[in-house]
Amino acid sequence: MQETYENIPGQSKITFLLQAIRNTAAAEEARQMAAVLLRRLLSSAFEEVYPALSPDDQTSIKSGLLLIIQLETQSSMRKKICDIVAELARNLIGTVYKLILWNFPGIFGNQQQHYLEVIKRMLVQCMQDQEHPSIKTLSARAAAAFVLANEHNLPLLKHFADLLPGILQAVNDSCYQNDDSVLKSLVEIADSVPKYLRPHLEPTLQLSLKLCADASLSNMQRQLALEVIVTLSETAAAMLRRHTNIVAQAIPQMLAMMVDLEEDEDWANADELEDDDFDSNAVAGESALDRMACGLGGKLVLPMIKEHIMQMLQNPDWKYRHAGLMALSAIGEGCHQQMEGILNEIVNFVLLFLQDPHPRVRYAACNAIGQMATDFAPGFQKKFHEKVIAALLQTMEDQGNQRVQAHAAAALINFTEDCPKSLLIPYLDNLVKHLHSTMVIKLQELIQKGTKLVLEQVVTSIASVADTAEEKFVPYYDLFMPSLKHIVENAVQKELRLLRGKTIECISLIGLAVGKEKFMQDASDVMQLLLKTQTDFSDLEDDDPQISYMISAWARMCKILGKEFQQYLPVVMGPLMKTASIKPEVALLDTQDMENMSDDDGWEFVNLGDQQSFGIKTAGLEEKATACQMLVCYAKELKEGFVEYTEQVVKLMVPLLKFYFHDDILLTNSTSMPLLLECARVRGPEYLTQMWHFMCDALIKAIGTEPDSDVLSEIMHSFAKCIEVMGDGCLNNEHFEELGGILKGKLEEHFKNQELRQVKRQDEDYDEQVEESLQDEDDSDVYILTKVSDILHSIFSSYKEKVLPWFERLLPLIVNLICPHRPWPDRQWGLCIFDDIVEHCSPSSFKYAEYFLRPMLQSICDNSPEVRQAAAYGVGVMAQFGGDSYRPFCTEALPLLVRVIQSPDAKTKENVNATENCISAVGKIMKFKPDCVNVEEVLPHWLSWLPLHEDKEEAVHTFNYLCDLIESNNPVVLGPNNSNLPRIFGIIADGEIHEAIKHEDPCTKRLANVVRQVQTSGGLWTECVSQLNADQQAAIQELLNSA
């Protein structure tokens, strides 16, 4: 496939990729893939490709890209397209100038600086050319391209600030000559260089507002004008927030666009859902409102919009009521915090519109309820369950309007998905009654009229209710299962594929909810139905919606049946591997070939002229992602039962670490690596090592190159897990060399990003919302830091002290993390890394003591509980593993630990983990370094602090030490005449109540033996038990039963 792509002529590639991006019906992933490829093409091969295109083609590419930006609703996709435009502008700058500054050849390149004044004067003169409007337009576009090409050169942008009035004038003039090219350039500036607009921000915004409000302009131009303001709300929110008057005027413009709807008599009972018309003002207005609320924040937007929406909802014209409800749906995400306070009045008001006389208003009310159920979950469910469930069930009875019925069912799905189980249980009877009666009616309608829209949604509603209710759904199982099986058996026509897929999903979710015992009565029937579909699988078209539902259903069946599922693997794995191996195909065909391939094979064609067409197969990427997730599920559930397939799965998954067409596939594949190694263990060390060698290079490379922080953190986490599975010797010198360089780069980047954020805090537009977004960036950075710590932990625990010479290249950076002036997460994770060195690399660790000991001891009493916890844990491992050199420091640490434990708020929720680590550290000092402290003096205090129940790992250490003391008949612990035993029983019982120790842990047996020994001496036993409350007595009994 890669080869086919490389062999396509460059000009054809551009045309075909642009077509793929423009095709909003295609899968999101395919469009994103095309965007990535187009940007790469423009950056790597611009000179070979672009100048060879005809002027018409060049114009059409530029206007095409800018049009897509305006129409695009997905922000990640919009960003990718903006990146393409920026790339094009950077490259085009020479070409554009050639058109205008033909008298100045050679003005560019490294001479640009010398000619800045000439360029500026020339552009100003050209933009004032009243006789030649086209020169005026062209020079304004050239000025914009020049600004975009120098977006990082702040002095230059400042120098060119006075070109902006000319650009704005050209925007205005060209729009009225039916040319929106300069307006598109303004959108690009708002996106890439918003600060350039600051000196003339007010006129820029006023012009955008004026054009947007002018009904004589085309919809496209008005939407583009609005796009300037909306883009600024995303790229320069703080700057725009200072111009509240503009925002206040822009909001009614968006709402007015949302009212621009058409009457449609067939709407209420259409059986196929039409895709949104992205050219329409209504969709553009709604999208703009959503983005603006997210960009500027609810503090500003909600007070401005609230009154408008209220007025619209009282308007006799249905279009206004519809727009008002859709606006409420749109602002939920951006105004989340502010709407929460008034949610009660909003919900009560919206529920009234489920009774509205117009079906499209009822539809919009369902939409708002569904959206709020998602945006405000689970608080929304907790507050409004009674009203909302009743209202939606009633709306689902709206037999004359199936679009409304289906949308009420969809809102019910949103509601139940995030509804706490305990809240849903009281409504189960009523929900089931309604869903069942609707299903029966709709099944009859399907048979009589062939309509299926509502049935598709109802089946998913049933699945969602079962998924939340879990075992409480058992009593209703027999009510639904026969009908659902009937649908799967009989709904075989092509137009019922989606219904059948959703029903398969519903059956498997019900099975998972009610559990193996109840489901077993139908399991073999269901497996036969799935197997039958699977055997007919080869006849299914690649874009058949059943495929992904089938794949997920198999995985649920695996969870239900456990090891018994293994027998079905030979049937399931073939199609699953086929789907997981889907490659986005591309091909160059002549017209004859193309005619032989039918349109509905999932191919999209672009006519390249000259009897040739280019095809891309976008179908299947979503299914590929699902299939990869299911492979991970099988590896996780079946473990060694999956070993037969590990090799082929690894060969599929590892190359996909470079699969930049789909983030979910990347995420899933990185997760799969340690699981597949676990599966392969049973084959012995040689097989395991071969598999690891195949993975290792790819994982390290991916850590070095992956730009998306969510994906990167998952890959790093997976790599650390793999090292834990493989242990000592799994990395060779080249691996260490490469990994060391990458981790060093990540740490340096961490510090650099912090500095950049400090610079942003000095910006004149800095405000509290900017601070919020900087905090988000910071959290994302810290998360990567935690993954660096994970990787180092896995290396230290596997390689011990022999890895220290390699670590020394990172040492200065880790020392920098624990400097007192650094933010607390840096200090926390820096200390965690030194904790690992002490725990796994002692006694050699002491050679770094000069770098970390003082900071560690000072951090025991730090203001941040997370830092205190890391320091206290360090003292504990120092006592346990550190060797003699650390003795004086254990003595010095003791009073500091005690101070933390005895502080008044030591046990509050935020402090308890740090406190328990301090208590555990005191125990470890007494156990492993008894000559450093006065054990007899400290022990009674230590006993009074027990048990630990939050930090399970440390709880095991303290209970084991307690058992040591009791088993050795320590007089301080037992007290005179065993008088402390009732207190010790209380500690053991409380530990059991809080599940501080897992029953399979050997420590549980030791504690049970202590109790049993007392049991044999009658009087003492009675005395101990009589001082326990009922819960504690039950806990002691539970302990004895379990061990």
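Let us start inside the fold: leaving out residues up to four places away in sequence, serine 845 touches Ile837, Val838, Phe852 and Tyr886, where contact means heavy atoms within 4.5 Å. Serine 845 sits in the loop between α41 and α42; helices here are DSSP runs of H or I with at least four residues, strands are runs of E with at least two, and both are numbered from the N terminus. With a relative accessibility of 0%, serine 845 counts as buried. For that label, buried means under 20% relative accessible area, exposed means over 50%, and partly exposed lies in between, using a 1.4 Å probe and protein chains only.

Before going further, a word on what you are looking at: this is a predicted model, in which local features need pLDDT of at least 70 and side-chain atom pairs count only at pLDDT 80 or more, while totals for chains, interfaces and linings use all residues. Residues are numbered from 1 along each chain as its sequence is written, and side-chain values use heavy atoms, with hydrogens and water left out.

Now follow the chain from serine 845 into helix α42, which covers residues 849–859. Its buried residues are Ala849, Phe852, Leu853, Pro855, Met856, Leu857 and Ser859. An α-helix has 3.6 residues a turn, so residues three or four places apart point the same way. The cover over the buried residues of α42 includes α41, α43 (865–881) and α44 (887–901). Phe852 is worth a second look, as it is one of the buried residues of α42 and is also among the residues that serine 845 touches.

On the other side of α41 in sequence comes arginine 822, in the loop between α40 (811–817) and α41 (824–841). Is this arginine buried or exposed? Arginine 822 is buried, with a relative accessible area of 14%. Its side chain makes polar contacts with the side chains of aspartate 826, at 3.1 Å, and glutamine 754, at 2.3 Å. A polar contact here is a pair of N or O atoms within 3.5 Å; within protein, one must be able to donate a hydrogen and the other to accept it, and residues adjacent in sequence count only if both atoms are side-chain atoms. Setting aside neighbours within four places in sequence, arginine 822 is in contact with Phe751, Gln754, Asn816, Leu817 and Arg827. For a sense of scale, the C-alpha atoms of arginine 822 and leucine 67 are separated by 46 Å, with their positions 755 residues apart along the chain.

Several loops elsewhere have backbone geometry to check. A cis peptide bond joins alanine 377 and proline 378, with omega about -10°, and proline 378 lies in the loop between α20 (359–375) and α21 (379–395). The bond from leucine 946 to proline 947 is also cis, with omega near 0°; proline 947 belongs to the loop between α46 (935–944) and α47 (952–967).

Two residues have a positive phi although neither is a glycine: glutamate 470, at about 50°, and lysine 800, at about 55°. Glutamate 470 is in the loop between α25 (453–469) and α26 (477–490), and at 36% relative accessibility it counts as partly exposed. Lysine 800 is in the loop between α38 (768–799) and α39 (804–807) and is partly exposed at 39%.

A glycine completes this tour of the loops. Glycine 562 is found between α29 (546–561) and α30 (569–580), and it is partly exposed, with a relative accessible area of 22%. The C-alpha atoms of glycine 562 and lysine 516, 46 residues apart along the chain, are separated by 9.3 Å.

Finally, step back to the whole chain. Its secondary structure comes to 52 helices and three strands. The radius of gyration is 33 Å, close to the 31 Å that the globule rule gives for 1043 residues, so the chain is as compact as a globular protein of that length. That radius is taken over C-alpha atoms, and the rule is 2.2 Å times the number of residues to the power 0.38. The C-alpha atoms fill a box of roughly 110 × 80 × 60 Å along the principal axes. Buried residues make up 58% of the 1043. Of the contacts with a separation of 6 or more, 73% come from residues 24 or more positions apart.
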